[in-house]
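Student: I'd like a close look at a single part of this structure, together with its surroundings. Please take me through it in one go, with the cut-offs included.

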Amino acid sequence: MIGNIFKTEALPYISVCITTLNRARALEKTLPALLAQDYPAERLELLLLDDGSTDDTTAVMERFAAEFRKAGYAGAAVFRNDSNRGLIAGRNFLAGKTSGLSSAMLVLDDDVYLERNTLRGLAAYFSSHSG
């Protein structure tokens with residue numbers, strides 16, 4: 001399977017989930033790095049949760065979600081809590097929102113800047129260590 005991991009049809013669908021609070025500026029670095037991944041957009045889903053921010057976090061998330069949809073992502077959704085419920089509650093909420101297509105879920109902090117080939121590398125690793 002390792003030999004096929006770089007062929008699109010061999011790559012798993014991945015849901016990328018980010019919960020955040022008042023971190024619009026961090027997301028402006030994290031989300032472009034995710035958008036630049038060397039991974040087929042049609043095999044990626046982005047789920048974002050604003051956990052009660054009082055800054056422009058939701059607006060930043062909505063803007064980037066539109067960019068991800070335009071890039072061909074299988075899905076890009078933004079959710080918002082009216083009040084802060086906590087990181088773990090947010091991650092659990094997003095886990096329940098992943099599509100049936102996803103075979104993996106990647107939970108990122110809002111200040112993680114992925115290298116361009118990170119998702120392919122993760123997919124290769126899990127492919128070679130599964131079963």
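Tutor: Let's start at Asn 22, which counts as partly exposed because its relative accessibility is 34%, where buried means under 20% relative accessible area, exposed means over 50%, and partly exposed is what falls in between (1.4 Å probe, protein chains only). Please keep in mind that this is a predicted model, in which local features need pLDDT of at least 70 and side-chain atom pairs count only at pLDDT 80 or more, while totals for chains, interfaces and linings use all residues. Residues are numbered from 1 along each chain as its sequence is written, and side-chain values use heavy atoms, with hydrogens and water left out.

Asn 22 sits in the loop between E1 and H1. Helices (H or I, at least four residues) and strands (E, at least two) are DSSP runs, numbered from the N terminus. The backbone deserves a glance here: Asn 22 has a positive phi of about 55° although it is not a glycine. Most residues other than glycine have a negative phi.

On one side of that loop is strand E1, residues 14–20, which holds Thr 19. Thr 19 is buried, because its relative accessibility is 8%. Leaving aside residues up to four places away in sequence, the contacts of Thr 19 (heavy atoms within 4.5 Å) are with Leu 49, Asp 51, Leu 87, Gly 90, Arg 91, Leu 94, Leu 108 and Asp 110.

Let's follow one of those partners, Arg 91, which belongs to helix H3, residues 87–95. Arg 91 is partly exposed, since its relative accessible area is 24%. Besides Thr 19, it touches Val 107, Leu 108 and Asp 109, again not counting residues up to four places away in sequence. For a sense of distance, Arg 91 and Val 60 are 31 residues apart in sequence, and their C-alpha atoms are 19 Å apart in space.

On the other side of the loop comes helix H1, residues 24–35. Its 12 residues should span 16 Å at 1.5 Å a residue, and the end C-alpha atoms are 16 Å apart, so the two agree; the expected span is 1.5 Å times one less than the number of residues. Within H1, the buried residues are Ala 24, Ala 26, Leu 27, Thr 30, Leu 31, Ala 33 and Leu 34. The cover over them includes E1, strand E2 (44–51), helix H2 (57–70) and helix H4 (118–128).

Leu 27 is a good residue to zoom in on in H1. It counts as buried because its relative accessible area is 0%. Its contacts, not counting residues up to four places away in sequence, are Ile 18, Thr 20, Pro 32, Thr 57, Val 60, Met 61, Phe 64 and Asp 110. Ser 103, by contrast, lies 76 residues from Leu 27 in sequence and 25 Å from it in space, C-alpha to C-alpha.

Pro 32 is also in H1, but it is partly exposed because its relative accessible area is 31%. With residues up to four places away in sequence left out, Pro 32 touches Leu 27 and Phe 64. The C-alpha atoms of Pro 32 and Phe 68 are separated by 9.5 Å, with their positions 36 residues apart along the chain.

Now step back to the whole chain. It has four helices and four strands, running β-α-β-α-β-α-β-α from the N terminus on. The radius of gyration is 15 Å, close to the 14 Å that the globule rule gives for 131 residues, so the chain is as compact as a globular protein of that length; the radius is taken over C-alpha atoms, and the rule is 2.2 Å times the number of residues to the power 0.38. Along the principal axes, the C-alpha atoms fill a box of roughly 45 × 25 × 20 Å. Buried residues make up 42% of the 131. Of the contacts with a separation of 6 or more, 84% join residues 24 or more positions apart.
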